[in-house]
Amino acid sequence: MTHLDAGSFLRKAEPWLMLREDEHNLVLGLASALADAPPAGGPGGYLLGTVEVDGQVEGCFFRTPPYKLGLTRMPLGAAREVAKAAGLRYPTLPAVFGPPDVADAVGQAWSELRRVAARPGMPQRMYRLDQVVPPTGVAGTMRAAVEADLPLAHAWGEAFAGDAGAVFKTSAETRVHWVGRRVLFLWVDGGRPVSMAVVSGRTAHGVRIGYVYTPRERRGR
């Protein structure tokens with residue numbers, strides 16, 4: 001079922017999502033960020049949905065346009081209903097992503113309902129850090145990026161997309177937002193930034209770290 005707002009979605013789905021907080025960090029962070037947003041409304045708005053069996057949540061699906069349709073673990077038999085629910089909100093989708101078997105099933109269901117072709121995309125993996133070990137013997141310190149760092153953030157953002165694949169490209173506006181929210185961090189050595197990382201998707205017990213980039217000449221240290 002789809003939910004009109006993030007509050008109703010979290011009341012239903014959060015206990016289930018928190019059973020695998022690390023795995024579900026994206027949808028948890030997204031729903032929390034939408035907690036104060038207006039209801040999703042009609043076609044084109046954000047989408048937050050749950051897959052339920054006998055009243056119990058067994059999966060979730062979500063989207064904030066223009067991004068992909070996100071999927072969690074769920075019974076594969078729900079794939080067609082999820083594709084139908086997404087189709088009521090969006091005439092097209094750029095992609096779906098989630099556990100491979102679920103993504104394949106929902107992608108196939110969407111392609112059959114819409115009579116379009118579907119093909120596999122880039123495989124990705126999530127890494128979990130269970131314990132932080134502060135670095136020793138490493139020169140430099142970390143600090144949040146400031147407005148004066150924006151030219152560097154833009155240059156490194158473009159370089160990151162080039163190395164990792166254009167699918168990970170971010171806009172200049174996004175990088176300005178990161179700096180304004182103080183979630184883009186720089187490692188500074190000898191007075192010069194030498195690496196960057198972005199913190200996002202804050203949940204009850206963790207954060208997601210992404211867009212980690214080091215220029216080629218500074219790597220391997």
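Let's start with a helix on a sheet. Helix α2, residues 25-33, lies across β7 and β8. Its direction makes about 75 degrees with β7. One caution before we go on: this is a predicted model.

Now the sheet under α2. Four strands make an open sheet, and the order is β5-β6-β7-β8. The pairing is antiparallel. β5, residues 141-144, and β8 are at the edges. Each of these two has a single partner strand, so one side of each has no neighbour in the sheet. From one strand to the next, the twist averages 30 degrees.

Let's walk through the pairs, starting from β5. β5 and β6 run antiparallel, joined by four bridges. Look at R143: it stands opposite L186 in β6.

Next pair. β6 and β7 are antiparallel too, over six bridges. L184 has V198 in β7 as its bridge partner. W187 has S195, again in β7. The two strands form a hairpin with two residues between them. In that turn, G190 has a positive phi of about 65 degrees.

Last pair. β7 and β8 share five bridges, in the antiparallel sense. S200 is the bridge partner of R208 in β8. M196 stands opposite Y213, also in β8. A hairpin makes the connection from β7 to β8, through two residues.

Stay with β6 for a moment. Which residues are on its covered face, and which on its uncovered one? L184, L186 and V188 are on the covered face. F185, W187 and D189 are on the uncovered one. Keep that in mind with the pairings: L184, on the covered face, bridges to V198. W187, on the uncovered face, bridges to S195.

On to helix α5. This one covers residues 150-164, so to speak, in 15 residues. From first C-alpha to last, α5 reaches 20 Å. That is close to the 21 Å expected at 1.5 Å a residue.

Which residues of α5 are buried? L150, A153, W156, G157, F160 and A161. They cover an arc of only 145 degrees around the axis, and that places them on the same side of α5. On the other side, P151 and G162 are exposed.

What do the buried residues of α5 pack against? One helix segment, α6, at 172-181. And three strands: β6 at 184-189, β7 at 192-203 and β8 at 206-213. Those strands belong to the sheet we just walked through. Just after α5 comes G165, with a positive phi of about 120 degrees.

Now a residue in α6. R175 lies in that helix. Is R175 buried or exposed? Buried: its relative accessible area is 3%, and the cut-off for buried is under 20%. What does R175 touch, beyond its neighbours within four places in sequence? L150, A153, H154, G157, E158 and T170. L150, A153 and G157 were on our list of buried α5 residues. T170 also gives a polar contact: its backbone oxygen lies 2.4 Å from a polar atom of the R175 side chain.

Second sheet. This one is open as well, with four strands in the order β1-β2-β3-β4. Here the pairing is mixed. The edges are β1, residues 47-53, and β4, residues 96-97. Each has a single partner strand, so one side of each lacks a neighbour in the sheet. β3, residues 69-71, pairs with β4 in the parallel sense, over two bridges. There, G70 stands opposite F97 in β4.

This sheet has a helix across it too. Helix α3, residues 79-89, lies across β1, β2 and β3. Its angle to β1 is about 155 degrees.

One residue to finish: E58, in strand β2, residues 56-63. Its relative accessibility is 34%, so E58 counts as partly exposed. How far apart are E58 and W16? In sequence, 42 residues; in space, 7.7 Å, C-alpha to C-alpha. W16 is also one of the residues E58 touches. The others are V51, E52, V53, R73, M74 and P75, leaving out residues up to four places away in sequence. V51, E52 and V53 fall within β1, the edge strand at 47-53.

Conventions:
Residues are numbered from 1 along each chain as its sequence is written. This is a predicted model: local features need pLDDT of at least 70, side-chain atom pairs count only at pLDDT 80 or more; totals for chains, interfaces and linings use all residues. Side-chain values use heavy atoms; hydrogens and water are left out. The expected span of a helix is 1.5 Å times one less than its number of residues. Buried means under 20% relative accessible area, exposed over 50%, partly exposed in between (1.4 Å probe, protein chains only). The arc is that of the directions from the helix axis to the C-beta atoms. Contact means heavy atoms within 4.5 Å. Two strands pair if DSSP finds at least two bridges between them. Axes are lines fitted to C-alpha atoms, for helices over the stretch in contact, and angles run from 0 to 180 degrees between N-to-C directions. A polar contact is a pair of N or O atoms within 3.5 Å; within protein, one must be able to donate a hydrogen and the other to accept it, and residues adjacent in sequence count only if both atoms are side-chain atoms.
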